[in-house]
Every structure is written in structure tokens, then in C-alpha cells.
Amino acid sequence: QVQLVESGGGLAQTGESLRLACAASGMTFSISAMGWYRQAPGKQRELVATVTDDGVTKYEESVKGRFIISRHNAKNTVDLLMNNLKPEDTAVYYCWAYLEFVGLGSHDEWGQGTPVTVSN
């Protein structure tokens with residue numbers, strides 16, 4: 001399987017920046033897409049940004065122009081640079097990977113989550 005370990009996050013004030021990092025280990029050859037999701041208190045987990053193994057990115061509408069996702073295939077890492085943070089960005093952020101095994105199917109893998117808190 002694949003293990004995802006997140007780092008970064010923490011506390012920030014409105015307008016500041018934070019960077020999240022995620023490192024994958026294990027059967028990393030099975031990873032096709034990676035990215036970040038978040039879950040705010042009382043809300044469902046939502047997509048923040050994803051990137052495929054050929055570099056195609058997808059962003060949630062509210063973070064477009066503020067967040068930048070980058071993936072380093074050789075290092076099996078994915079980063080999320082969060083600029084111009086807003087209080088509504090407060091959530092637990094989860095690293096995500098989509099694994100595909102030829103002839104065996106596919107599934108999602110998740111990190112343990114890292115909290116981000118943005119104050120006014």
C-alpha cells in the first residue's frame with residue numbers, strides 16, 4: 001500500500017501564506033493522482049486541489065488564484081502553497097492519493113490530516 005505523511009499547516013492571519021507538504025512512501029508506482037482535500041467543522045470533506053501524474057490540475061472554485069498545487073513525481077511529494085488565506089480556509093487538510101493497480105482495481109488513500117486555522 002501507500003502511506004501519506006503531511007507536514008506544514010498551523011496558524012495564520014488573514015492574508016498570510018502557508019505551505020502544506022505531503023510525502024508518499026510504499027507502493028508509490030501505483031499512484032496516478034495526488035492532491036488535497038479539506039474538512040471544516042460540521043461540513044463534509046471537499047476537494048481543494050488535485051494534480052494528475054501528467055500535470056493536469058484541478059482547483060476548488062474558492063481557492064483558484066490563491067492556492068498552487070505542485071507535484072514532484074520523482075520524490076513522490078505534493079505541495080500546496082496557500083496564499084492570501086481567509087478565515088473560511090480554516091479546516092483540517094488531508095493529503096490524498098488515487099492508486100491504480102493493473103487488473104486489481106483502484107482506491108483512495110488518505111493522510112492523517114493537518115489542521116489549518118486562519119484568524120482575522
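This briefing covers one sheet and one disulfide. The structure is a predicted model. It holds 1 disulfide, formed by Cys-22 and Cys-95. An open sheet of 4 strands is also described, with antiparallel pairing.

**The sheet**

- The order of the strands across the open sheet is 1-3-8-7.
- Strand 1, residues 2-8, and strand 7, residues 67-72, lie at the edges, and each of them pairs on one side only.
- On average, neighbouring strands in this sheet are turned by 15° against each other, with direction ignored.

**Strands 7 and 8**

- Strand 8 spans residues 77-82 and pairs with strand 7 in the antiparallel sense.
- The pairing of strand 7 and strand 8 runs over 6 bridges.
- Ile-69 has Leu-80, in strand 8, as its bridge partner.

**The disulfide**

- The sulfur atoms of Cys-22 and Cys-95 are 2.0 Å apart, and a pair of cysteine sulfur atoms counts as a disulfide within 2.5 Å.
- The link of Cys-22 and Cys-95 is left-handed, with -85° about the S-S bond.
- This pair joins distant parts of the chain: Cys-22 belongs to strand 3 (residues 18-26) and Cys-95 to strand 9 (residues 91-101), 73 residues apart.
- Strand 3, which carries Cys-22, is also a member of the open sheet, placed between strand 1 and strand 8 in the order 1-3-8-7.

**Burial of the two cysteines**

- Cys-22 counts as buried because its relative accessibility is 1%, and the cut-off for buried is under 20%.
- Cys-95 is likewise buried, since its relative accessible area is 0%.

Notes: Residues numbered from 1 in each chain as written. Predicted model: local features only at pLDDT ≥ 70, side-chain atom pairs only at ≥ 80, totals over all residues. Heavy atoms only, no water. Pairing = 2+ DSSP bridges. Helix = DSSP H or I, 4+ residues; strand = E, 2+ residues; numbered from the N terminus. Axes fitted to C-alpha atoms, helices over the stretch in contact; angles between N-to-C directions. Buried < 20%, exposed > 50% of the residue type's maximum accessible area, 1.4 Å probe, protein only.
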